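I opened the notebook on this chain to look up a hairpin, the nonpolar cores and the main pocket. My entries follow in that order.

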Amino acid sequence: MPAGQNSSDRPPGSKAYLCTYSSKSMDGGITALSVALTSPASSQDISTAKSAPGCSPVTGIGDFACLQWTGYFRGEAGGASANVVLTAVRGDETLEMPYVTSAPTNGAPAPDGDAMARALAQAAVDAGWGNGTPLGVPAAPAS
């Protein structure tokens, strides 16, 4: 059953916009996507985004963009989740898009990290965050 929500709740002092979407199925478990846009972003917001650990650079988006992977793609014990986080900076705005999938149930296959990453990156470009160069998305780590 898909469910979506736009939240008027913002971090203290922030003009962030947050949109979340989640779905649940017997086979696929739980999937959640969040989109947070902070505008204007503080220099600290931008610095934090640019120094993210485990950042794999994405080309074709904004001034700075990176993907981070955890969960299945890192082979974590128990496979609690498969996470892809796209963080981008453009001017004085920051965009963060986490995509989280729970462990598969009933023998469902593990999520496709490459497909998740491509979808997030393309969504950012489609939303006007492209910088005019070809979109380049790094491959997800092997599971």
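Entry one, the hairpin. In this predicted model, I looked up strands E4 and E5 and found that they form a hairpin with six residues between them. Gly60 lies in the turn and has a positive phi of about 95°. I noted that E4 (residues 56-57) pairs with E5 in the antiparallel sense over two bridges. Ser56 stands opposite Leu67 in E5. I then checked burial along E5: six of its eight residues are buried, so that I recorded the strand as mostly covered.

Entry two, the cores. I asked which residues touch the most other members of the largest nonpolar core. Of its 17 residues, these are Val58, Ile61, Leu67, Val84, Leu86 and Ala124. E5 (64-71), E6, E7 and helix H2 (113-129) each give two or more residues to this core, and H2 supplies the largest share, six residues. I followed Ile61 further: leaving aside residues up to four places away in sequence, Ile61 touches Leu86, Ala88, Ala121, Ala124, Val125, Trp129, Gly130, Asn131 and Leu135. I also recorded a second, separate core of seven residues, among them Ile46, Ala52, Phe64 and Val89.

Entry three, the pocket. I found about 230 Å³ of space in the largest pocket. Strand E3 (29-38), helix H1 (43-50), strand E6 (81-90) and strand E7 (93-102) are the elements that give two or more residues to its lining. Among the lining residues I listed Ala36, Thr38, Asp45, Gln68, Thr87 and Glu96. I sorted the lining by character and obtained five nonpolar, five polar and two charged residues.

Key: Residues numbered from 1 in each chain as written. Predicted model: local features only at pLDDT ≥ 70, side-chain atom pairs only at ≥ 80, totals over all residues. Heavy atoms only, no water. 1 Å grid on protein atoms, 1.4 Å probe; cavity = no way out; pocket = protein on both sides within 12 Å on 5 of 7 lines; lining within 4 Å. Points joined across faces, edges and corners; volume = space filled by probe spheres on them. Helix = DSSP H or I, 4+ residues; strand = E, 2+ residues; numbered from the N terminus. Nonpolar A, V, L, I, M, F, W, Y, C, P; charged D, E, K, R; others polar. Core = buried A, V, L, I, M, F, W, Y, C linked by side-chain atoms within 4.5 Å. Buried < 20%, exposed > 50% of the residue type's maximum accessible area, 1.4 Å probe, protein only. Contact = heavy atoms within 4.5 Å. Pairing = 2+ DSSP bridges.
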